[in-house]
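Thanks for coming, everyone. I have one structure to walk through today, and I will keep it brief. Please have a look at it first.

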Amino acid sequence: MCIRDRYQRRVRGTKSDTMAPKKGGKITIKKFAIDYTVPLQDGLLNEGGAQFEQFLNERIKVDGKTGNLAGKVEVKREKNKIFVEAEMPFSKRYLKYLTKKFLKKMGLRDFLHVVASSK
């Protein structure tokens, strides 16, 4: 599996503007792509990654509550990739953690490694 990080930042000038949007400020959107092509070709993931997408929808925390995406986080699946778009502070490490948790649940953690393609 591969976690890719694609940003779209709109910076106003200071570092604090990118961390939390202010009233009337521009919202920063972070985009991440999780590529699961190889496990899908090997037949390790059933249903073409639908279970993985459902797992992410149920487990991503927003404001300390699981399963409450509230329009701030959007999870989409297209062919061999899952795209996660967040309008809030969101880390690539958290997605990597959830991916490892899913692999452990499915009993695939010993056979697959989660690799970030870029830092």
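**A salt-bridge network and its surroundings**

Let me start with the charges. Glu74, Lys76 and Glu85 are linked in a network of salt bridges. Keep in mind that this is a predicted model.

Take the network one contact at a time. Lys76 pairs with Glu74, and their closest N and O atoms are 3.5 Å apart. Lys76 also pairs with Glu85, this time with the closest N and O atoms 3.9 Å apart. Both distances fall within the 4 Å cut-off for a salt bridge.

Buried or exposed: where does each member of the network fall? Lys76 is partly exposed, at 32% relative accessible area. Glu74 has 40% relative accessibility, so Glu74 counts as partly exposed too. Glu85 comes in at 23%, and that is again partly exposed. The cut-off matters for Glu85, because buried means under 20% relative accessible area.

Now the other contact I want to show. The total is 4 salt bridges. One of them joins the side chains of Glu53 and Arg77, at 3.0 Å from N to O. This pair ties together distant parts of the chain: Glu53 sits in helix α3, residues 50-59, and Arg77 sits in strand β5, residues 73-78, with the two positions 24 residues apart. What about cover? Glu53 is buried, because its relative accessible area is 17%. Arg77 counts as partly exposed, at 35% relative accessibility.

Next, the strands. Glu85 comes back here. Glu85 in β6 is the bridge partner of Lys31. Strand β2 covers residues 29-35, strand β6 covers residues 81-86, and 6 bridges join them. The two run antiparallel.

Why is β2 described as largely enclosed by the rest of the structure? Because 5 of its 7 residues are buried. A general reminder while we are on strands: in a regular strand, side chains alternate between the two faces of the sheet.

Let me step back to the whole chain. The protein chain has 119 residues, and 34% of them count as buried. How many helices and strands are there? The chain holds 4 helices and 7 strands. From the N terminus, the order is β-α-β-α-α-β-β-β-β-α-β.

One position in helix α2 deserves a stop. Helix α2 spans residues 37-41, and Leu40 is in it. Leu40 is partly exposed, with 23% relative accessible area. Which residue should you look at alongside Leu40? Try Asn80. Leu40 and Asn80 are 40 residues apart along the chain, yet their C-alpha atoms are separated by 7.7 Å.

Last stop, the surface. Arg59, Lys61, Lys101 and Lys105 form a positive patch there. Lys105 belongs to helix α4, residues 92-106. Lys105 has 56% relative accessibility, so Lys105 counts as exposed.

To recap, then. Glu74, Lys76 and Glu85 make the network. Glu53 and Arg77 link helix α3 with strand β5. Glu85 also takes part in the pairing of β6 with β2, opposite Lys31. The positive patch includes Lys105.

That is my part. Over to you for questions.

Key. Residues are numbered from 1 along each chain as its sequence is written. This is a predicted model: local features need pLDDT of at least 70, side-chain atom pairs count only at pLDDT 80 or more; totals for chains, interfaces and linings use all residues. Side-chain values use heavy atoms; hydrogens and water are left out. Buried means under 20% relative accessible area, exposed over 50%, partly exposed in between (1.4 Å probe, protein chains only). Two strands pair if DSSP finds at least two bridges between them. Patches are made of residues with over 30% relative accessible area and no salt bridge: like charges are joined within 9 Å, nonpolar side chains (Val, Leu, Ile, Met, Phe, Trp, Tyr) within 5 Å. Accessible areas come from the Shrake-Rupley method with a 1.4 Å probe; for residues, only the protein chains shown count as cover. Lys and Arg count as positive and Asp and Glu as negative; His and the chain ends are not counted. The place of a charge is taken as NZ of Lys, CZ of Arg, CG of Asp or CD of Glu.
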